[in-house]
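Me: Please take a close look at one helix of this model and at what packs around it. Then place that helix within the rest of the chain.

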Amino acid sequence: MKKLALVTGATSGIGKATAMLLAENGYSLILTGRRAELLESVKKEAEIKHKTEVLALNFDVRDKEAVASAVESLPERWRKIDVLINNAGLAVGLNHIQDGVIDDWDRMIDTNIKGLLYITRAIVPLMIERGSGHIINIGSIAGTEVYENGNVYCASKHAVEAITKGMRIDLLKEGIKVSGIRPGMVETEFSSVRYKGDDELAKKTYQGISPLFAEDIAQTILFVLNRPAHVNINDLVIMPTAQASATYVNRVV
Ligand code: NDP
Ligand code: 8X3
């Protein structure tokens, strides 16, 4: 029987690449995101290219009622979720703390921390019922490092780091693996969202280096999932070769 994976934030970037790679590798998929048209087109692409079954769930992870009712509405055969990729997330704005935009803070905290928790709370009981599962949380190097203007985004990813560690302990005896993947610079829509649609600034983030691509992270996710039953990758940090830390990047300009 095919394994079933739920990927949050599958409309672009890492989530979309992961959805396509898992489909190619024989998974059925539940995909989530807010942009309904993009979600539908990723679903169609996976179905047509990889002849797999895909269920699309269109909701905002910040809306706890929507998360709970989407999961409750799943037909019986779609409730047997083997893999959860907690990927939906974002950075919004880059300001010194004294100039911080409170709505930006709310968006990051509500999405990256609370959204991840709402999804996890809804899916974990389904895994516990079956005594198995694998959860991968997409953290960041910002989960252990802090840089100028990164304050609240870094705090949100530090929280993901703590939640990942806590989940691993709490779910150990339930037969559920919990892994964290923490990327450095990946060229996706991430910087465009961070700079609120200023694509010139977004492009500059990756100027003079070869960044990671979403497919690099998808391949890493597949590697983590494909370890044998007795092996768990707890924490995996991945950066472009040109990056040594959140703030030290070797740009060729
Ligand atoms: P993208 O902006 O390309 O993708 C983000 C995804 O998250 C989209 O599918 C978006 O879907 C979804 N999302 C955002 N907010 C919500 C929400 N409120 N409800 C539901 N879905 C939401 O960026 P990435 O692929 O780069 O980001 C994926 C993850 O990787 C994030 O958690 C990010 O923090 C992390 N990361 C990224 C790095 C990078 O350099 N790119 C480095 C380290 C970590 P939609 O808009 O349709 O809702
Ligand atoms: C994204 C990577 O370095 O911009 O999580 O925080 S960084």
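Reply: This is a predicted model. The chain averages a pLDDT of 98, and 100% of the residues score at least 70. The model scores ipTM 0.99 and pTM 0.99.

The helix to look at is α5, residues 151-170. Start with its length. At 1.5 Å a residue, its 20 residues should span 28 Å. The end C-alpha atoms of α5 are 28 Å apart, which agrees with that expectation.

Next, the buried side of the helix. Val152, Tyr153, Cys154, Ser156, Lys157, Val160, Thr164 and Met167 are buried in α5. The list includes a lysine, Lys157. The partners of these buried residues are one helix, α4, and two strands, β5 (133-138) and β6 (176-183).

Thr164 shows the packing at the level of one residue. Thr164 sits in α5. It counts as buried because 24 C-beta neighbours lie inside 10 Å, and the cut-off for buried is 20 or more. Setting aside neighbours within four places in sequence, Thr164 is in contact with Asn137, Gly139, Val178 and Gly180. Thr164 and Lys16 are 148 residues apart in sequence, and their C-alpha atoms are 22 Å apart in space.

Now the chain around the helix. Its secondary structure comes to eight helices and nine strands. The C-alpha trace spans about 50 × 35 × 35 Å along its principal axes. For 253 residues, a compact globule would have a radius of gyration near 18 Å. The chain has 18 Å, so the two agree. Buried residues make up 40% of the 253 residues. Contacts reach far along the sequence: of those between residues at least 6 apart, 72% join residues at least 24 apart.

Two ligands come next. The shell around ligand 1 has 30 residues, of which Gly9, Gly13, Arg34, Gly89 and Phe190 come nearest. The elements giving two or more residues to that shell are α1 (13-24), α4 (102-130) and α6 (190-194). Helix α1 gives the most, with three residues. Helix α4, then, is on that list and also packs against the buried residues of α5. By type, the ligand 1 shell divides into 13 nonpolar, twelve polar and five charged residues.

Ligand 2 has Ser140, Ile141, Ala142, Gly150, Gly184 and Ala246 around it. That shell divides into three nonpolar and three polar residues, with no charged ones.

Two further buried residues help to fill in the picture. Gly33 lies in strand β2, residues 28-33. It is buried because 26 other C-beta atoms lie within 10 Å. Not counting residues up to four places away in sequence, Gly33 touches Gly9, Ala10, Thr11, Leu38, Leu39 and Asn58. Gly9, one of these, is also among the residues that come nearest to ligand 1.

Pro211 lies in a loop, between α7 (199-204) and β8 (212-213). Pro211 is buried too, since 20 other C-beta atoms lie within 10 Å. Beyond four places in sequence, Pro211 touches Met185, Val186, Glu187, Tyr206 and Pro240. The C-alpha atoms of Pro211 and Thr18 are separated by 17 Å, with their positions 193 residues apart along the chain.

Last, two lysines in loops deserve a backbone check. Most residues other than glycine have a negative phi. Lys51 has a positive phi, near 50°. Lys51 is in the loop between α2 (36-50) and β3 (54-58). It counts as exposed because it has 9 C-beta neighbours inside 10 Å. The C-alpha atoms of Lys51 and Gly33 are separated by 21 Å, and the two residues are 18 apart along the chain.

Lys196 also has a positive phi, of about 55°. Lys196 is in the loop between α6 and α7. With 13 other C-beta atoms within 10 Å, it is partly exposed.

Back to the helix. The span of α5 agrees with what its 20 residues should give. Its buried residues pack against α4, β5 and β6. Thr164, one of those buried residues, touches Asn137 and Val178, among others.

How values were computed. Residues are numbered from 1 along each chain as its sequence is written. Chains are lettered from A and ligands numbered from 1 in the order in which they are written. This is a predicted model: local features need pLDDT of at least 70, side-chain atom pairs count only at pLDDT 80 or more; totals for chains, interfaces and linings use all residues. Helices (H or I, at least four residues) and strands (E, at least two) are DSSP runs, numbered from the N terminus. The radius of gyration is taken over C-alpha atoms; the globule rule is 2.2 Å times the number of residues to the power 0.38. A residue is buried if 20 or more other C-beta atoms lie within 10 Å of its own, exposed if 12 or fewer, and partly exposed in between; C-beta atoms are placed from the backbone. Two residues are in contact if their C-beta atoms, placed from the backbone, lie within 7 Å. A residue is near a molecule or strand if its C-beta atom, placed from the backbone, lies within 6 Å of it. Ala, Val, Leu, Ile, Met, Phe, Trp, Tyr, Cys and Pro count as nonpolar, Asp, Glu, Lys and Arg as charged, and the others, Gly among them, as polar. pLDDT is the predictor's confidence in each residue, from 0 to 100. The expected span of a helix is 1.5 Å times one less than its number of residues.
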